[in-house]
Amino acid sequence: MYSGELGIDNNVTERDIRPFTTGRKNWMFSQSVDGADASAVLYSIVMTCRANDINPYLYFQKLFTELPQRDEFTDLSDLLPWNADLEA
């Protein structure tokens, strides 16, 4: 069964994953596994911000300001990209 509401192609998805393939090639030259993991985490955060129309610079600025002030076991859900108040 076909639905007229579905897109005819997957160009949007392919465009969204293209930067990941570039990052994957760059991670190959990381000096350590930990370095590659850190790069992948940061890259994932940037792509999540882009997917949610959030400025990654402002989001990292918020994270680097807030995280050092938090207790190790504090709930961080308010700092998720779609919950973070970047205006404050």
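Trainee: Let me start with one residue: is Asp53 buried or exposed?

Mentor: Asp53 counts as exposed, because its relative accessibility is 73% and the cut-off for exposed is over 50%. Keep in mind as we go that this is a predicted model.

Trainee: Where does Asp53 sit?

Mentor: Look in the loop between H2 and H3. Asp53 comes just after H2.

Trainee: What is there to notice about the phi of Asp53?

Mentor: The general idea goes like this: most residues other than glycine have a negative phi. Now the case here: Asp53 is not a glycine, yet its phi is positive, at about 55°.

Trainee: Let's step back to the whole chain. How many helices and strands does the protein have?

Mentor: Three helices and zero strands. Reading from the N terminus, you get the order α-α-α.

Trainee: How do I read the length of a helix, say H2?

Mentor: Compare its span with what 1.5 Å a residue would give. Helix H2 covers residues 33-51, which is 19 residues, and reaches 27 Å from its first C-alpha to its last. That is close to the expected 27 Å.

Trainee: And what share of the protein's residues count as buried?

Mentor: Of its 88 residues, 15% do. As for surface, the protein exposes about 7,500 Å², with carbon and sulfur atoms supplying 56% of that area.

Trainee: How about contacts between distant parts of the chain: what share of them do residues 24 or more positions apart account for?

Mentor: Taking the contacts with a separation of 6 or more, such residues account for 36%.

Trainee: Can you show me a buried residue? Is Ala84 buried or exposed?

Mentor: Ala84 counts as buried because its relative accessibility is 15%, and buried means under 20%. You'll find Ala84 in the segment after helix H3, which spans 56-66.

Trainee: Which residues does Ala84 touch, setting aside those up to four places away in sequence?

Mentor: Tyr59, Asp78 and Leu79. You can also check a distance along the way: Ala84 and Ile54 are 30 residues apart along the chain, while their C-alpha atoms are separated by 9.7 Å.

Trainee: Now for charges. How many salt bridges does a search of the whole structure find?

Mentor: The general idea first: side chains of opposite charge can pair when their charged atoms come close. In this structure the search finds three salt bridges. Start with Lys62 in helix H3, which pairs with Glu66, their closest N and O atoms being 3.9 Å apart. Both residues lie in H3, four residues apart, or about one turn of the helix.

Trainee: Is Lys62 buried or exposed?

Mentor: Buried, because its relative accessibility is 17%. Beyond its neighbours within four places in sequence, Lys62 is in contact with Leu79, Asp85 and Leu86. Glu66, at 21%, counts as partly exposed.

Trainee: Which residue forms a salt bridge with Glu66 at 3.6 Å?

Mentor: That's Arg70, with 3.6 Å between the closest N and O atoms. Arg70 also meets Asp78 in a salt bridge, at 2.7 Å from N to O. Arg70 is partly exposed at 22% relative accessibility, and Asp78 is partly exposed at 36%.

Trainee: What do these shared partners add up to?

Mentor: One network: salt bridges with partners in common join Lys62, Glu66, Arg70 and Asp78.

Technical notes. Residues numbered from 1 in each chain as written. Predicted model: local features only at pLDDT ≥ 70, side-chain atom pairs only at ≥ 80, totals over all residues. Heavy atoms only, no water. Helix = DSSP H or I, 4+ residues; strand = E, 2+ residues; numbered from the N terminus. Buried < 20%, exposed > 50% of the residue type's maximum accessible area, 1.4 Å probe, protein only. Contact = heavy atoms within 4.5 Å. Areas by Shrake-Rupley, 256 points an atom, 1.4 Å probe, with all protein chains shown as cover. Expected span 1.5 Å × (residues − 1). Salt bridge = Lys/Arg side-chain N within 4 Å of Asp/Glu carboxyl O.
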